[in-house]
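Take a look at the fold below. Keep it in view as you read.

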Amino acid sequence: MFSSTKCFYLQTGPFTVEIKTSVPSVQRYLHSHYQNALLDATESHFIDFHVAIMPGAFGRRWIKPQVRFYFNGGEPFRPLPLNQAPAMLEWGMNWLIANHAHQYLIIHAATLEKNGKGIMISAPSGAGKSTLCAFLVSQGWRLLSDELALICPETKQLYGLARPINLKNAAIDLARAFFPASSFSEEIADTSKGKVCLVKPPSSSVVNAHITAPISLIVFVKYSANERCYVEKVEKCEALMELIGNSFNFGLLNQTGFACARQVIQGADALYIEYSQLADCEAAIRNGIDEKNNGGKTGRYSSKPHHFAFHEPS
């Protein structure tokens, strides 16, 4: 059930994470989903976060086995069932960045880049944000992050992480239509979010994770089975309030955070999109970027998107 402890050095965007683990599922997951982001273990590295993923103590190694997450020797979370170990690693890294990387304004949003233009996608839980993010990645958009928007207060640029996309429940089967089978982790059942699966980012996103992107468009999305595609511009004051409300560290950054958020809103357009088809939503996003950069004129889509039926996530 367990093996010898191995040490991995993971480069995810601007962060280097040391991960020690004796859990085989985590070791396999790091090799399969982070093979392009693992650094040479024989070399010395500046470490931002020291993490350990270890089995439960004493009898919980074999009876209802558990996994535990450690950061700098402390244990910030309660143990989880052993089968959830890869997901615990991902959730733990999200927590680390959101609670410690205060050189950035951090927003709960998916971020992508296309042709040098960055977009932020914001949505409440269960509205299909990660599913839309996965679809856009399959259509050639560069993945920055499916969970955390990292905005530099000085440059207002988006920084990428290029980590696996976290899909839940019905979205997993949907995504299998536009990703190869090798992109998917083992399905993890009975988590607090239901069934979870992690989709490996394209190698091009990982290799180019160091390239920042200016924010061209902010998109608020909602899946609606009865709405083909409804698009409405969002007033800047409303978009600013949404951005602030979805920030992890706005209060901590104080005036710096407000100035950053305000300047981001001033420099980007904002849209609300309600959709039932992923391809229609992508077309609306492309059109929104084209309108911004063509003086308000309707833009052309660069290519005809693939069409896939969308099922509402649970």
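This text walks through the cores, the cavities, one helix pair and one threonine. The model is predicted.

Start with the nonpolar cores. The largest one has 37 residues. Six of them have the most contacts inside this core: Ile119, Leu132, Leu136, Val221, Ile273 and Ile285. Pick out Leu136. Set aside its neighbours within four places in sequence, and Leu136 is in contact with Leu112, Ile119, Ile121, Trp141, Glu282 and Ile285. Two of these partners, Ile119 and Ile285, are also on the list of residues with the most contacts inside the core. Another core lies apart from this one. That core has 34 residues, including Leu30, Tyr104, Leu148 and Leu198.

Now turn to the empty spaces. How many cavities of 30 Å³ or more are there? The count is 2. The largest cavity holds about 80 Å³ of space. Its lining includes Glu90, Asn94, Ser145, Asp146 and Glu147. Leu148 and Leu198 line this cavity too, and both belong to the core of 34 residues. By class, the lining of the largest cavity has 4 nonpolar, 3 polar and 4 charged residues.

The second largest cavity has a volume of about 30 Å³. Which residues line the second largest cavity? They are Ile107, Ala109, Met120, Ser122, Ile218, Phe220, Glu242, Leu243 and Asn246. Strand 8 (117-122), strand 15 (213-223) and helix 6 (236-245) each supply at least two of these lining residues. Here the classes are 6 nonpolar, 2 polar and 1 charged.

Next, find two helices. Helix 1 covers residues 24-33, and helix 2 covers residues 85-100. Their axes come within 8 Å and cross at roughly 65°. Helix 1 brings Ser25, Val26, Tyr29 and Leu30 to the contact. Helix 2 brings Ala85, Pro86, Leu89 and Glu90. The residues of this contact divide into 6 nonpolar, 1 polar and 1 charged. Two of them have turned up before. Leu30 is in the core of 34 residues, and Glu90 lines the largest cavity.

Finish with Thr21, which is found in strand 2 (residues 15-21). Why does Thr21 count as buried? Thr21 is buried because its relative accessible area is 0%, and buried means under 20%. What surrounds this threonine? Leaving aside neighbours within four places in sequence, Thr21 is in contact with Ser4, Thr5, Lys6, Phe8, Val26, Gln27, Ile53 and Met54. Val26 is also part of the contact of helix 1 with helix 2.

Methods: Residues are numbered from 1 along each chain as its sequence is written. This is a predicted model: local features need pLDDT of at least 70, side-chain atom pairs count only at pLDDT 80 or more; totals for chains, interfaces and linings use all residues. Side-chain values use heavy atoms; hydrogens and water are left out. A nonpolar core is a set of buried Ala, Val, Leu, Ile, Met, Phe, Trp, Tyr and Cys residues joined through side-chain atoms within 4.5 Å. Buried means under 20% relative accessible area, exposed over 50%, partly exposed in between (1.4 Å probe, protein chains only). Contact means heavy atoms within 4.5 Å. On a 1 Å grid over the protein atoms alone, a cavity is a set of points where a 1.4 Å probe fits but cannot get out, and a pocket is an open set with protein on both sides within 12 Å along at least five of seven lines; lining residues have an atom within 4 Å of a point. Grid points are joined across faces, edges and corners, and a volume is the space filled by probe spheres set on the points. Ala, Val, Leu, Ile, Met, Phe, Trp, Tyr, Cys and Pro count as nonpolar, Asp, Glu, Lys and Arg as charged, and the others, Gly among them, as polar. Helices (H or I, at least four residues) and strands (E, at least two) are DSSP runs, numbered from the N terminus. Axes are lines fitted to C-alpha atoms, for helices over the stretch in contact, and angles run from 0 to 180 degrees between N-to-C directions.
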